[in-house]
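Visitor: Hi, could you walk me through this structure at an easy pace? I am new to reading models like this.

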Amino acid sequence: MTNFAILPILIPFIAGILLAFTHNRILLTRRLAMLFAIVHLMTMGFLLYKVLVDGSIVLEAGDWSAPYGIILVLDPLSTLLVLTSSIILLAVVWYAPASVSEEQEGFYFYTFVFLLVTGVSGAFITGDLFNLFVFFEVLLMASYALITHGGKKVQLRESIKYVLINLFSSMLFVTAVSYIYAVLGTVNMAQLAERAAASDQPGIITTVAILLFFVFATKGAAFPLYYWMPHSYIVPNPVVSALFGALLTKVGVYSLIRTFTLIFHQQPEIMDQLFIWVGNLTMLFGVIGALASRNIKLIVAYNIIPAIGFMLVGIGIFNHDGLSGSIYYLLQDMIVKAALFLLAGTIAAVAGTSDINKMGGMIRSHPVLGWMFFIAGLVLAGVPPFSGFIGKLLLVRGAFEKGETTTVIIMLLTSLLILLSIVRAFIRIFWGEGEAIKQQTRHSARSLLPAGLLMLFTVFLGIGAEAILPTVQQISDYLLNPQEYIDLVLKGGR
Amino acid sequence: MIVAILMPFLIAMCIPFIAKFKYRIHTGYAVFATSLSIFLYFLVLLISGETETLYRYSWIPSLGLDLTFYTDGLALFFALLISGIGALVAFYSIFYLNLEERLGSFYVYLLLFMGAMLGIVTSDNIYALYTFWELTSVSSFLLISFWFTRKASTDGALKSMLITFLGGFSLLGGLVLLHLVTGSTSIREILTQGDLILASDWFPLIVVLLLLAACTKSAQFPFHIWLPDAMEAPTPVSAYLHSATMVKAGLFLLLRFTPVFKESEAFFIAVSIIGLVTLFWGSYMAVRQTDLKGILAYSTISQLGMIMAMIGYGTEAAIFAAMFHILNHATFKGSLFMAVGIIDHETGTRNIRKLGGLWKLMPVTGIISILASFSMAGVPLPILNGFYSKEEFFSSSWDLSADRAFGSDFAALLANIVPYAAVAGSIFTFVYSMYFYFRTFTGKAEKTTAEKAHDPKFGMLAAPVLLVSGVLLISIFPNWFSRHLLQPAANAVYGDAMKEHSIHFWHGFVPALIMSLIVVVLGVLFYITRKYWMGLYNVLPGKLSGNIVYASLLSASENQTKRLNDRIVSGSIRQYNAIIISVISIVTLLILFGTNSFDLRNIDTSPVSLPQSLPELAVALIMIAAAFGSTVSQKKLTAVIILGVVGYGLSILFVLFRAPDLALTQLSIETITVVLFLLCFRHLPEIKRERKEKLSKKITNIIIASLCGLMMMLVGLAAYSQRLFPSISDYFVKYSYKLGGGDNIVNVILVDFRGLDTLFEITVLAIAALGIYSLIKLRQKEGDR
Amino acid sequence: MEIIMIVLAGILFGFAVYNILQKQLLRIIIGTALLSHAAHLFILTMGKLKRGSSPVLTEGTESYSDPLPQALILTSIVISFGVTSLLLVLAYRAVKTNGTDNMEELRGNDHD
């Protein structure tokens with residue numbers, strides 16, 4: 001039973017390795033990839049069911065009990081997130097043949113994709129801080145391979161920046177882990193939490209926590225560390241952008257949620273304000289970038305940033321509604337961002353350019369594409385009854401409960417500006433004059449299905465929120481009470 | 001009831017299929033039938049006197065969001081308005097829109113709107129209300145831009161969307177606060193806790209947020225600017241959304257919460273002033289318009305302002321008058337819009353300067369227009385309902401200081417000024433009404449328009465004729481409407497304590513009548529002399545127009561943001577790194593010292609005994625020297641080799657500090673790395689003398705680098721010196737052999753205790769290898785997608 | 001002794017950052033190599049230095065130097081090696097394709 005906990009990383013891992021061997025037979029590779037993606041999704045569905053019914057699953061890798069060995073924890077939060085990533089994996093693998101060239105597919109494309117997901121899943125479920133670093137490196141290395149995949153001029157240019165920034169933050173990460181080890185004598189997250197709580201809240205823990213905050217905030221593209229993100233996310237193939245946009249920054253946010261609710265909620269007066277203000281600025285500057293862009297892919301990429309801001313604010317609010325809001329926002333944003341990147345990729349492919357000022361009137365030839373994009377925009381802006389609204393409502397409520405009126409105003413203003421950025425793009429691309437583009441319609445029809453699948457999930461997360469929301473609210477309570485996690489992992493005593 | 005409210009949505013889903021047969025039967029008939037049956041349903045409900053009905057469906061209980069619909073007098077009043085006007089508009093649109101248009105989309109949007117509007121007025125749940133509220137904004141956006149190839153349409157749509165969503169989002173804030181203060185999401189329950197809300201610290205913010213929502217939706221000054229631009233929509237849409245229903249949603253919202261707000265003096269002050277200013281400004285601006293729909297748009301703004309002012313008064317008489325005027329406005333303004341649609345349809349222009357003398361050509365339209373516009377002007381005739389409600393408006397303004405006691409001097413003063421402001425604001429209403437009618441229907445006919453213009457066929461006239469007969473009916477039987485429709489609605493707002501209102505044409509020479517007469521006399525005077533004072537418009541609004549503000553904001557949102565963003569996200573990795581590193585260093589240092597955590601109490605500060613530590617010290621010095629050397633070296637080969645020295649130094653340190661495995665690994669890896677460096681660097685250009693580098697830049701870099709190094713050093717020292725807990729390593733030492741079966745503890749940790757790390761460390765290497773392979777081999781053509 | 005090592009690591013960190021802030025790609029890569037050395041030295045120091053013998057179990061030895069940081073460093077060294085090699089090849093390809101190794105000339109704009 002507990003061995004199930006390895007599956008979230010094992011399935012994509014095996015898939016990645018296997019697909020490396022079949023790389024010359026593209027048709028087989030594609031089918032296998034689809035198969036693995038579906039198996040992964042179904043396994044995760046099953047595991048989520050198990051976790052919700054029977055309680056969290058803890059696997060002590062190699063049978064070494066915590067805190068000495070590495071622990072994999074399938075609790076509702078991590079399982080839900082892995083499930084969400086498996087949905088995205090499926091959409092991405094499905095979409096890939098429509099957009100990735102066969103040559104690229106032959107060059108281990110799917111291997112990288114699956115290993116990226118391995119790293120992401122591992123980061124979600126690991127209960128060990130150093131192991132988190134290792135999984136970060138797995139996903140980063142896979143992302144380096146994917147971002148350069150194809151080797152075009154822009155790709156090489158932007159990927160250097162991407163690699164450099166991430167390399168710096170990785171080194172900072174590993175050093176910070178060693179600092180925390182010096183202070184608390186362990187790297188197991190549950191034990192860190194226990195010891196941090198038992199300590200007298202010394203400032204040094206806060207200081208090291210700040211270093212880790214910056215590490216995760218860099219990965220999560222928060223202000224003022226987001227510069228590297230927008231341009232590097234749009235240079236690879238749209239499929240890869242979707243994968244990045246949906247998963248990578250979110251791993252950073254997840255790590256913040258996990259470590260800062262569990263371990264580092266020391267000196268909340270500093271921490272909460274830090275999160276809230278970084279969140280506020282992230283929202284504003286992110287949306288400024290989105291407004292400033294004329295490139296459809298870039299607009300989507302910039303829109304990742306304000307969403308990160310929303311989630312950070314939720315962590316800073318640190319109450320039931322705030323954390324529920326953050327988690328809900330995280331879940332739905334993963335899906336809608338993946339969908340948006342796929343849609344933007346299709347738009348750019350159909351129009352033959354990504355400059356929105358050069359497009360126009362596309363609604364006549366591509367109505368489905370247009371309306372999906374429009375609805376995705378409404379989701380982003382948090383318009384009810386779509387999923388963005390649910391998260392935003394919780395965040396607004398949480399912020400008011402905490403008395404953070406300024407933050408509420410910034411959140412609402414940001415929503416408005418997000419709406420402006422997307423609707424303006426929508427108007428320029430789909431409305432107005434401009435002849436209908438007839439070419440390549442086949443291409444777009446084929447690539448619409450995966451995006452459609454994702455959109456379906458988004459709409460479901462809005463209208464059918466009741467299916468997920470109680471779970472998210474339980475998670476929020478569970479995060480507010482770290483003892484539960486500690487007991488789960490450390491089994492109450494050593 | 002749920003069927004009645006959800007019917008528009010259900011039919012909307014079927015519309016695309018129905019629209020396939022549009023050449024056989026116009027899609028509008030389906031919509032007409034839908035709205036008519038909803039209207040009849042609510043009518044039956046009204047007549048049966050069964051005003052209070054309830055339907056409840058739990059939607060997202062975890063959020064407090066459920067679909068609870070109930071009808072009281074107010075909801076019923078609005079529901080009848082929405083479905084009734086909706087039916088007429090749908091019927092009218094059948095003749096207005098020809099079959100080549102995208103009828104499917106049009107009617108889907110229209111039905112979505114109708115359903116959402118019904119949802120707003122019947123929802124008991126605040127979040128459900130909000131959901132429907134935003135849906136009206138979205139459908140309005142889609143309807144305004146129905147002719148999406150025109151830039152004016154899409155611009156107007158964007159403007160209306162931005163402004164109404166600004167209000168929408170602030171509505172969300174206000175509603176969430178109401179939820180937090182009262183602990184309930186049911187409007188009925190919230191209303192019972194008025195005292196709690198009034199006493200709450202959040203109350204001022206709640207008022208501001210809800211007012212912002214109401215003012216943007218109901219086009220109040222200074223947010224009115226979207227409404228004139230929304231006139232790019234097809235005329236049935238203007239008649240329906242932008243005069244009869246959607247713009248009244250803001251009024252509805254305030255009416256809904258009036259039981260709470262009417263106690264607040266601040267609310268009175270704010271809403272009355274906004275209302276009166278809008279009344280004045282709207283009518284003033286209407287006179288200037290040349291587009292017939294423009295006149296009507298500003299006129300709508302002005303009339304909405306008037307109703308808003310009455311809601312602000314909050315007295316019994318005022319609330320009743322507000323209801324009355326909402327009804328009347330829907331009749332006369334709806335018919336005027338339809339008349340304009342007919343004129344546009346027949347003559348091909350809406351420019352009032354090109355029109356004239358239509359009376360002879362289209363007499364039926366003329367009759368419709370004269371009745372409706374005179375009613376709008378408040379001409380004292382017993383057959384014009386506009387006069388009745390304007391009279392009520394005047395009398396409620398006049399009686400305000402008598403009907404309501406005020407605490408603050410300012411409020412009392414305002415109450416005394418109100419009647420004068422009401423008169424002043426109404427004069428221009430009279431002027432533009434006259435202007436609208438006489439300029440279009442009398443005088444000389446233009447040659448170009450005269451040729452083809454004539455009254456349209458009966459179908460197109462039917463809806464406006466029905467609406468205008470509404471004007472007459474209400475005027476002839478005001479008390480029937482009052483008893484069955486207005487009184488229950490006002491009761492719902494004001495509470496059942498309200499006394500019965502009867503409406504009469506003749507009250508004697510009361511102040512209200514005198515006020516009306518003043519308006520008529522001055523209005524006529526202004527109308528005749530308008531040539532002489534029209535120059536005023538160049539001064540006011542002149543450059544103060546809200547549109548200029550909006551336009552500059554919109555362009556700033558595109559251009560200023562670009563300028564700013566380009567500066568931040570410049571593409572220079574160097575700048576990114578500089579900012580990122582300095583932020584991290586400075587903030588961390590601040591926290592380190594801010595929390596007083598730099599404390600070296602436990603560190604071994606005893607001086608290092610030289611002879612023993614000589615090797616370490618020497619290696620350290622060599623490493624520093626090498627790091628410095630590789631930094632300043634001007635030859636790439638030298639730089640790389642000196643860099644190797646640092647790596648080898650590190651492995652010596654590993655040996656000295658009893659880490660043999662590390663030393664070995666470091667040694668071999670360093671060697672491979674240096675080789676790799678050399679291989680790749682052969683192809684990289686030689687290091688350039690950085691002569692172009694500015695000294696200031698260099699110094700900045702040095703400062704950032706030292707800050708970062710210092711930060712890492714200090715945090716490291718602090719962390720090292722505060723070892724709060726014993727390390728878990730003792731366990732490894734203890735059990736390495738017993739459980740792990742190995743002497744070399746590090747190896748046991750790697751392959752056993754932390755085997756997962758090692759597995760994925762190898763994975764990283766494998767990915768790197770594959771990645772490098774594809775980097776070298778896979779070269780796609782540029783521009784290839 | 002720890003103080004000295006921490007100071008040394010801090011100085012290396014500083015040099016690394018200085019190199020990373022240069023224009024030339026070569027310099028930047030040298031910076032990243034220095035960075036990983038500094039980080040590893042930090043990790044090693046955070047366990048206690050020279051307080052025991054090598055962490056290889058031998059008869060009669062009571063105290064060993066802390067094995068856990070060593071294990072972590074080993075993992076980290078291997079990973080850094082992977083990243084550095086990829087970065088090197090990437091740099092080589094980027095310089096070949098873009099025709100410059102000056103990062104200030106590799107800024108790009110919105111539409112390429």
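Guide: What follows is a short conversation about the chains of this model, which is a predicted one.

Visitor: Okay, start with chain A. What is its secondary structure?

Guide: Chain A comes to 20 helices and 2 strands, and its C-alpha atoms fill a box of roughly 70 × 55 × 40 Å when that box is taken along the principal axes.

Visitor: And how does its radius of gyration sit with that of a compact globule?

Guide: A compact globule with 494 residues would have a radius of gyration near 23 Å, and because chain A has 21 Å, the two agree. Of those 494 residues, 73% count as buried, and among the contacts between residues at least 6 apart in sequence, 81% join residues at least 24 apart.

Visitor: What about chain B, how many helices and strands are there?

Guide: Chain B has 34 helices and 2 strands, and its C-alpha atoms fill a box of roughly 115 × 60 × 55 Å along the principal axes. Here the globule rule does not match, since a compact globule of 785 residues would have a radius of gyration near 28 Å, but chain B has 38 Å.

Visitor: What share of chain B is buried, then?

Guide: Buried residues make up 54% of the 785 residues in chain B. For contacts in chain B with a separation of 6 or more, 78% come from residues 24 or more positions apart.

Visitor: Back to chain A for a second. How do the strands E1 and E2 run?

Guide: Strand E1, residues 57–60 of chain A, is joined to E2(A) by 4 bridges, and the two run antiparallel. One of the pairings puts Leu59(A) opposite Leu72(A), its bridge partner in E2(A).

Visitor: Which residues of E2 are on which side?

Guide: In a regular strand the side chains alternate between the two faces of the sheet. In strand E2, residues 71–74 of chain A, Ile71(A) and Val73(A) lie on one side while Leu72(A) and Leu74(A) lie on the other, and all of these are buried, which leaves both faces covered.

Visitor: Does a record say anything? What does UniProt place on chain A?

Guide: An unreviewed UniProt entry gives the annotation "domain: NADH:quinone oxidoreductase/Mrp antiporter transmembrane" for residues 127–417 of chain A. Over residues 127–417 the chain is 80% helix and 0% strand, with the end C-alpha atoms 38 Å apart.

Visitor: And where does UniProt put transmembrane regions in chain C?

Guide: The unreviewed entry places the feature "transmembrane region" at residues 6–21, 28–47 and 67–92 of chain C. In the model, residues 6–21 of chain C are 94% helix and 0% strand, with the end C-alpha atoms 22 Å apart, and residues 28–47 of chain C are 95% helix and 0% strand, with the ends 30 Å apart.

Visitor: How many residues does each of chains A and C bring to their contact?

Guide: Chain A brings 32 residues and chain C brings 29 residues. On the side of chain A that touches chain C, H7(A) gives the most, with 18 residues, and that side divides into 17 nonpolar, 9 polar and 6 charged residues.

Visitor: Last one: which residues touch the most other members of the largest nonpolar core?

Guide: They are Val208(A) and Leu12(C), in a core of 559 residues. Leaving aside neighbours within four places in sequence, Leu12(C) is in contact with Met623(B) and Ala627(B), and also with Leu34(C), His37(C), Ala38(C) and Leu41(C).

How values were computed
Residues are numbered from 1 along each chain as its sequence is written. Chains are lettered from A and ligands numbered from 1 in the order in which they are written. UniProt positions are given in the numbering used here, feature names are shortened, and annotations may be inferred rather than shown by experiment. Two residues are in contact if their C-beta atoms, placed from the backbone, lie within 7 Å. Ala, Val, Leu, Ile, Met, Phe, Trp, Tyr, Cys and Pro count as nonpolar, Asp, Glu, Lys and Arg as charged, and the others, Gly among them, as polar. The radius of gyration is taken over C-alpha atoms; the globule rule is 2.2 Å times the number of residues to the power 0.38. A residue is buried if 20 or more other C-beta atoms lie within 10 Å of its own, exposed if 12 or fewer, and partly exposed in between; C-beta atoms are placed from the backbone. Two strands pair if DSSP finds at least two bridges between them. A nonpolar core is a set of buried Ala, Val, Leu, Ile, Met, Phe, Trp, Tyr and Cys residues joined through C-beta atoms within 7 Å.
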